[in-house]
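Let's take a quick tour of a protein chain, starting from the inside and working outwards. Keep the picture handy as you read.

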Amino acid sequence: MLDKYKGTGWKKFYLIFGMCDESFSINYTAEIPEDVDKVWFMFWVTLLNHFYWFSGATLGGIFGSFIHFNTEGLAFVMTAMFAVIFMEQWMKDKNHTSALLCLGISALCLIIFGADHFIIPAMLAILGVLTLLRNPMEKGGGTK
């Protein structure tokens with residue numbers, strides 16, 4: 001996303017601050033028409049998603065104690081959503097080096113730390129490895 005956010009001026013700070021899974025997915029994969037300002041498009045996507053998250057969390061906090069329902073199966077829905085986001089980005093990209101690195105690092109951390117404790121080490125390892133390999137991957141086209 002750093003490449004997409006280049007040249008966005010003051011909006012870059014909010015685009016980074018307000019990024020969530022949904023705004024990342026939309027801003028990354030959207031094919032924005034030529035007559036639409038790309039920077040304002042990404043800004044409004046991020047702002048609206050930020051507003052939806054804030055208002056949804058607030059309403060959920062207020063009304064969640066009054067309304068009770070069975071949340072069984074919700075974990076499957078979230079897993080399916082992330083799988084679809086991953087597959088959509090996989091199909092859009094030509095080079096899968098960064099995706100394969102992240103999958104490998106995640107699997108390694110799952111083996112080392114177990115299912116209950118692998119997420120944070122995996123995220124830190126992914127951040128470290130992709131940061132170290134950023135320049136070589138950009139030169140070789142591994143992140144596009």
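In this predicted model, the largest nonpolar core is built from six residues: Cys-102, Ile-105, Cys-109, Phe-118, Ala-122 and Ile-126. Two helices, α5 (97-113) and α6 (119-132), each bring at least two residues to this core. The top contributor is α5, which gives three.

**Cores and contacts**

- Let's zoom in on one member of that core, Phe-118: skipping its neighbours within four places in sequence, Phe-118 is in contact with Ser-106, Cys-109, Leu-110 and Phe-113.
- There's another core lying apart from the largest one, and it has five residues, including Tyr-5, Tyr-14, Leu-15 and Phe-43.
- As a bit of background, nonpolar side chains tend to be buried together in soluble globular proteins.

**Cysteines, but no disulfides**

- How many disulfides does a search of the whole structure find? The count is zero.
- Why no bond for Cys-20? Its sulfur sits 19 Å from the closest cysteine sulfur, which belongs to Cys-102, and that's too far, because a disulfide needs the two sulfur atoms within 2.5 Å.
- Cys-109 has a similar story: the closest cysteine sulfur is again in Cys-102, but at 11 Å that is too far for a bond.
- Are these two cysteines buried or exposed? Cys-20 counts as buried because its relative accessibility is 15%, and the cut-off for buried is under 20%.
- Cys-109 is buried as well, with a relative accessible area of 7%.

**The overall fold**

- If you count up the elements, you get seven helices and zero strands.
- Reading from the N terminus on, the order is simply α-α-α-α-α-α-α.
- The C-alpha atoms fill a box of roughly 55 × 45 × 25 Å along the principal axes.
- Take the contacts between residues at least 6 apart in sequence: 62% of them join residues at least 24 apart.

**Surface and charge**

- The chain has 144 residues, and buried ones make up 23% of them.
- What does the accessible surface of the chain come to? It's about 10,500 Å², and 72% of that belongs to carbon and sulfur atoms.
- The chain carries 10 positive and 12 negative charges, and the mean positions of these two groups are 12 Å apart.

How values were computed. Residues are numbered from 1 along each chain as its sequence is written. This is a predicted model: local features need pLDDT of at least 70, side-chain atom pairs count only at pLDDT 80 or more; totals for chains, interfaces and linings use all residues. Side-chain values use heavy atoms; hydrogens and water are left out. Helices (H or I, at least four residues) and strands (E, at least two) are DSSP runs, numbered from the N terminus. Buried means under 20% relative accessible area, exposed over 50%, partly exposed in between (1.4 Å probe, protein chains only). Contact means heavy atoms within 4.5 Å. Accessible areas come from the Shrake-Rupley method with a 1.4 Å probe; for residues, only the protein chains shown count as cover. Lys and Arg count as positive and Asp and Glu as negative; His and the chain ends are not counted. The place of a charge is taken as NZ of Lys, CZ of Arg, CG of Asp or CD of Glu. A nonpolar core is a set of buried Ala, Val, Leu, Ile, Met, Phe, Trp, Tyr and Cys residues joined through side-chain atoms within 4.5 Å.
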